[in-house]
Amino acid sequence: MELSFKIEGGNFSGAGSASSEVKRTLKQLDVDASQIKRIVIALYEAEINVVAHAFGGKIEVKISADKVFARIQDQGPGIADISKAMQEGYSTASSKVREMGFGAGMGLPNIKSNVDVFDIQSVVNEGTVLEMTFYLS
Amino acid sequence: MQKATGKYFYHALKVDHDICIGCTHCIKACPTEAIRVKNGKAVIAANKCVDCGECFRVCPVRAIYIKQDDFAELSKYKYRIALVPAVFISQFAEGIRTSQIYACLKKLGFTHIYEVEHGVGVMIELMNNYMLDNEAKKPFISAFCPAVVRLIQVRFPSLVKNIIHLKAPLDVASITILERLTDAGINKEEIGTFYITPCAAKIAAVKSPVENITSSISGVINIDFLYNKVQQMLAKENTPIDPINHSLSGRDIMWSLSGGESQNFSGNCFAVDGIRNVINFLERIENEEIESDGIIEMRVCDQSCAGGVLNPNNRFVAVNKVKKRADYLDSKLDGRSCFLPTFSQDFNNRVKSLMSIEEIKPRSILKLDDNLQKALKMVENINKTKAILPGTDCGACGAPTCSALAEDITRENAKLEDCIFLSSECDRCAETLERIWNYKNKNK
């Protein structure tokens, strides 16, 4: 089954609706609580990344019996150096975003530690595509 | 003594079908979507109800009621103990003394009056020890409000482990008085302990405690019932004002107010009240957005127990009264932080040993099927059905929302035809939908 959501850049207060919807569905499917937790955390971080850095984007989630696949695509500045962005504590977030309690440089590392298969592609001044797979068994 | 029976929880909330007019107010108010109107009557699903009492608050014809124990049960016992919560005292008008209320309760048949907040001191010790011994179970959610415990069981099963597995001050009080009387040589069978409850959840918790074992409380009487009895007595006769030997502190009686529990603990604590706030906060805890190394106090009623569904007094007035009484009690303390325990260490240890809850089981109501493939199909079906339904959440089908109806249809508990707008008998419904709700734009 598939779910898709739009993400609005800069809308911090509205962030999290995609992850709550996915959480509800996973609970209906009776997926193990620890699995739900890591999926929701990764999705929320990914959503916040788009809100904090990009103009907008979308999340597509495919749920099947053995795995959950999510693709987050945004239109935005892109990531110039992905390997740096993967380092804990590295952040390009503006001071404004940091004041709001986001942009600690833990987003991508935190996502990676929660997913089984992780892929990120980015083009500067165009946007970023993040793909994550979570195996349920 | 009460024992849990049956597959689901005991529920104190009941619907009188002779009075129910099938109006759908309650289905909208229920936080777990446990109520449906079928054949013109509200029906509460036993597995989903958490006894919060929101339906009771909104019922316009008082068809929903809270079943208490028969007051005549008192006469079965030689020793009849009233376990009184501080909020009971706060229901009465300014100028009515605690001692007068006690005197009335005795006239009504109780032999002993014991305020449940006497258990607070022991409770704080127990909770602190529990937190030290269970580091790994952070964040700690208090088990004080039974409706919160049940809500977590049915809607947030992954947080069941975070609930502090301890009974409440009410149980400390009840166990304390039972042990004291039996130590004095009184036969346990002769002692009846009756809790005066401000809500349905406390009744349900006494009748079927989460841990599925016997409760130490013999019966539960609704606050409004005794309030009326005491009021009638106060209006008629001169009640004696006997001085009471207070052994409660302000801290103790504040326990059941919002913040009254969390203020006793160090670390990052939270006090959340109101059912919608509690649900929102639990979502956040589940997403690990909340960092807490202290206590997370949660009560489903706005203003906690002062806002209990059975309280006759306004919740804010009741809070004010409890606080004033707390100041008065503290003034009697002469600078001490609390009254020293009057029982021996051995006695306290005995009470403490009876306070733990062995197991709280998750009971998810969200799960659609044990088989994941089948559940997936069902989710797809629900989403497809939702797209067809008008999305107005009008409640005319008897389900609280179009989503809930979509789920009912998928579970084969309802039909698409139950939606009045989609029913073939409704020829101008599409037009109405369009005119009022702009139906065509719904899925945009």
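Start with domain 2 and domain 3 of chain B in this predicted model: their C-alpha centres lie 44 Å apart. To colour the chain by domain, use 13-66 for domain 1, 71-353 for domain 2 and 372-441 for domain 3 of chain B.

**Stop 1: where the chains meet**

Now show both chains. The contact involves 15 residues of chain B and 15 residues of chain A. Select helix α14 (residues 372-388) of chain B, which supplies six residues, the largest share of the side of chain B that touches chain A. If you colour that side of chain B by class, you will find seven nonpolar, four polar and four charged residues.

**Stop 2: a four-stranded sheet**

Next, pick out β6, β5, β8 and β9 of chain B. In that order they make an open sheet with parallel pairing. Which strands stand at the edges? They are β6 (112-115) and β9 (219-222) of chain B; each has a single partner strand, so one side of each is left without a neighbour in the sheet. Look along the sheet for its twist: on average, neighbouring strands are turned by 30° against each other, direction ignored.

Zoom in on strand β5 (residues 79-84) of chain B, which runs parallel to β6(B) and is joined to it by four bridges. For one pair to label, take B:Leu83, whose bridge partner in β6(B) is B:Tyr114.

Two helices are worth adding here. Helix α8 (residues 200-207) of chain B lies across β8 (191-197) and β9 of chain B, at about 150° to β8(B). Helix α9 (residues 223-236) of chain B also packs on the sheet, where it touches β8 and β9 of chain B, and its direction makes about 60° with that of β9(B).

**Stop 3: an enclosed helix**

Select residues 146-155 of chain B, helix α6. Is this helix enclosed or open to the outside? Here 10 of the 10 residues are buried, so α6(B) is largely enclosed by the rest of the structure. Charged side chains are part of this picture too: B:Arg150 and B:Arg155 are among the buried residues. To see what surrounds the helix, display α8, α11 (275-286) and β11 (295-299) of chain B, against which the buried residues of α6(B) pack.

**Stop 4: a three-stranded sheet**

Stay with β11(B) and add its neighbours. The order β7-β11-β10 (chain B) gives an open sheet with parallel pairing. At its edges are β7 (140-141) and β10 (270-273) of chain B, each pairing on one side only. Four bridges connect β10(B) and β11(B) in the parallel sense. Finish by labelling B:Ala271 and its bridge partner in β11(B), B:Glu297.

Conventions: Residues numbered from 1 in each chain as written. Chains lettered and ligands numbered in written order. Predicted model: local features only at pLDDT ≥ 70, side-chain atom pairs only at ≥ 80, totals over all residues. Contact = placed C-beta atoms within 7 Å. Domains from an automatic or database assignment. Pairing = 2+ DSSP bridges. Axes fitted to C-alpha atoms, helices over the stretch in contact; angles between N-to-C directions. Buried ≥ 20, exposed ≤ 12 C-beta atoms within 10 Å, placed from the backbone.
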